Amino acid sequence: MTTIKAGVIGAGFIGVAHVEALRRLGSVEVVAVAGSSLASAQRKAQELHVPQAYGDWRQLVADPDVQVVHNCTPNYLHRQVNLATIAAGKHVVAEKPLGVSSQETAEMLQAARQAGVVHAVNFNYRMYPLVQEARARLAAGDLGPVRLVHGNYLQDWLLLDTDYNWRIDPAVGGPSRAMADIGSHWCDLAQFVSGLLISEVCADITTFLPRRRRPRRAAETFAGVGQRPADFDELPIASEDYGSILLGFQGGARGACVISQVSAGHKNHLTLEVDGATGSLAWNQEEPNTLWLGHRGAPNQVLPKDPALLHPQAKPYAHYPGGHGEAYPDGIANLFRNVYRFIQAGGDPRHDAADFPTFVDGHRAALVVEAIMRSAQERRWVGLGEKDAD
Ligand SMILES: NC(=O)c1ccc[n+]([C@@H]2O[C@H](COP(=O)([O-])OP(=O)(O)OC[C@H]3O[C@@H](n4cnc5c(N)ncnc54)[C@H](O)[C@@H]3O)[C@@H](O)[C@H]2O)c1
């Protein structure tokens, strides 16, 4: 089997996770990284032992050695980088949110389809063993028809007015912050696990901190803690800290979620519960190695992540025996394994079913986020056109 060569653009928090996950596959060589400057790219390349560093992402896209581009840049750059990669006839693994508007995501989806390249979006939470188990059980009808899909995605890293990140600036992060950043993950996961598409939303969003103090020295994600007050500029803030969303799903199921980046004590608290006519199940990203199974007429159960106990569809997502935890980095590696297996097999997303999230899912997430933002602004239910989400 030949090795596939990949390049990673933007080696910040998630870019480094991409490099590590790719190396675990064994069949992929990370040959280049690109950063916001040559100096930062060279520093990262040295740290990560990547042979080539570029200060301009266009050089990485044009590098004839690079066959697959991983786009880990801030959101406003996603469209430019993804379209340039597709135009170069290369496969693209994009970070979420795929774009900052559904216009952008539709354009990228269309371009990828026309070029016939493989396209993926890193909705990594789908790829945990017990998430796959939950989906398999629901698809098999083990819980009966789905009635309710509910949960939260809560973080606290933007709790204080001195917490700042590029996501807060709409020119860099896009018009939505909490919804596009983590709400998109929750909505994608809810649809993936339940097997049902969101058809309508009714949302309330709020910016609790209308002013924040931005550090004069930019920090990578989760790295801004501990700076002194004199080092800040005070700025007005437009992007939302939080949202509560009522959901309608195709087929009649209902749901709700709370999304927040200002909930003290919650680091990456993504929870999802699905209640069917004959049973319930619930999963928590911070305790990802157990799946709660709720029963009416029998004691509830807790299923451990033990390959010996998993549904055949979920088993390939667990790599270690029961009692040996698998979590965030493993989900990303599972996603990349599926993408690169598809590439190695000569798969074409226009004809072949992809076992990973694609630009179709990235576009759908953008439509959901836009519907949420419009619903909150107009204070009413907003439907998602079935045609648009296809
Ligand atoms: N799937 C997930 O779980 C997950 C988690 C975190 C972030 N993300 C997504 O990944 C993307 C990056 O987020 P992050 O948290 O890693 O941010 P980050 O700030 O930690 O890293 C971004 C990197 O991009 C680099 N960069 C900025 N401008 C650039 C340019 N012009 N050319 C090349 N590199 C450039 C920065 O120097 C930095 O190293 C975002 O779209 C975010 O939504 C996804």
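Which residue in β12 does glycine 243 stand opposite? The partner is isoleucine 259, and the pair is a handy way into one of the two sheets described below.

## The model and its confidence

What you have here is a predicted model. Mean pLDDT for the protein is 95, with 95% of the residues reaching 70 or more. Then there is the stretch to treat with some care: residues 386-390 have a pLDDT below 50. Beyond near neighbours in sequence, that stretch has five contacts in the model.

## Two domains

The domain assignment splits the protein into domain 1, covering 4-125 + 337-355, and domain 2, covering 126-320 + 365-383. Between their C-alpha centres there are 24 Å. Where the two domains meet, domain 1 puts in 16 residues and domain 2 puts in 25 residues. On the domain 1 side of that contact, you'll find eight nonpolar residues, seven polar ones and one charged.

## The parallel sheet

Start with the sheet of six strands. The sheet is open, its pairing is parallel, and the order reads β3-β2-β1-β4-β5-β6. At the edges sit β3 (52-54) and β6 (119-121), each of them paired on one side only. From one strand to the next, the twist averages 20°.

Now look at β1 and β4. Strand β1 spans residues 4-9 and β4 spans residues 68-71; the two run parallel and are joined by four bridges. For a concrete pair, take glycine 7, whose bridge partner in β4 is valine 69.

## Two loops worth a look

The loop between β5 (91-94) and α5 (102-115) holds proline 97. The peptide bond joining lysine 96 to proline 97 is cis, and omega is about -15°.

The other loop runs between α2 (38-48) and β3, and histidine 49 lies in it. Phi of histidine 49 is near 60°, which is a positive value in a residue other than glycine.

## The mixed sheet

Next comes an open sheet of nine strands with mixed pairing, in the order β16-β15-β14-β13-β7-β12-β11-β8-β17. Its edge strands are β16 (301-304) and β17 (382-383), and each pairs on one side only.

Strand β11 is a good place to zoom in. Over seven bridges, β11 (residues 242-249) pairs with β12 (residues 254-260) in the antiparallel sense. Besides the glycine 243 and isoleucine 259 pair, serine 244 stands opposite valine 258 in β12. The two strands make a hairpin with four residues between them, and in the turn glycine 251 has a positive phi of about 95°. β11 also runs antiparallel to β8, with eight bridges joining them. There, alanine 203 stands opposite isoleucine 245 in β11.

## Helices on the sheet

Two helices pack against this sheet. Helix α6 lies across β7 (146-154), β13 (269-276), β14 (280-284) and β15 (290-294), and α6 runs at about 165° to β14. Helix α10 (residues 359-378) touches β8 (198-206), β11 and β17, and the direction of α10 makes about 50° with that of β8.

## α6 against α8

How far apart are the axes of α6 and α8, and at what angle do the helices pack? The axes of α6 (residues 129-139) and α8 (residues 178-194) are 7 Å apart, and the angle is about 45°. The two helices are therefore oblique to each other.

On the α6 side, Val131, Ala134, Arg135 and Leu138 make the contact, and they meet Phe192, Val193 and Ser194 of α8. Sorted by class, that contact has five nonpolar residues, one polar and one charged.

Note on methods:
Residues are numbered from 1 along each chain as its sequence is written. This is a predicted model: local features need pLDDT of at least 70, side-chain atom pairs count only at pLDDT 80 or more; totals for chains, interfaces and linings use all residues. Domain bounds come from an automatic or database domain assignment. Two residues are in contact if their C-beta atoms, placed from the backbone, lie within 7 Å. Ala, Val, Leu, Ile, Met, Phe, Trp, Tyr, Cys and Pro count as nonpolar, Asp, Glu, Lys and Arg as charged, and the others, Gly among them, as polar. pLDDT is the predictor's confidence in each residue, from 0 to 100. Axes are lines fitted to C-alpha atoms, for helices over the stretch in contact, and angles run from 0 to 180 degrees between N-to-C directions. Angles under 35 degrees count as roughly parallel, over 145 as roughly antiparallel, 65 to 115 as roughly perpendicular and the rest as oblique. Two strands pair if DSSP finds at least two bridges between them.
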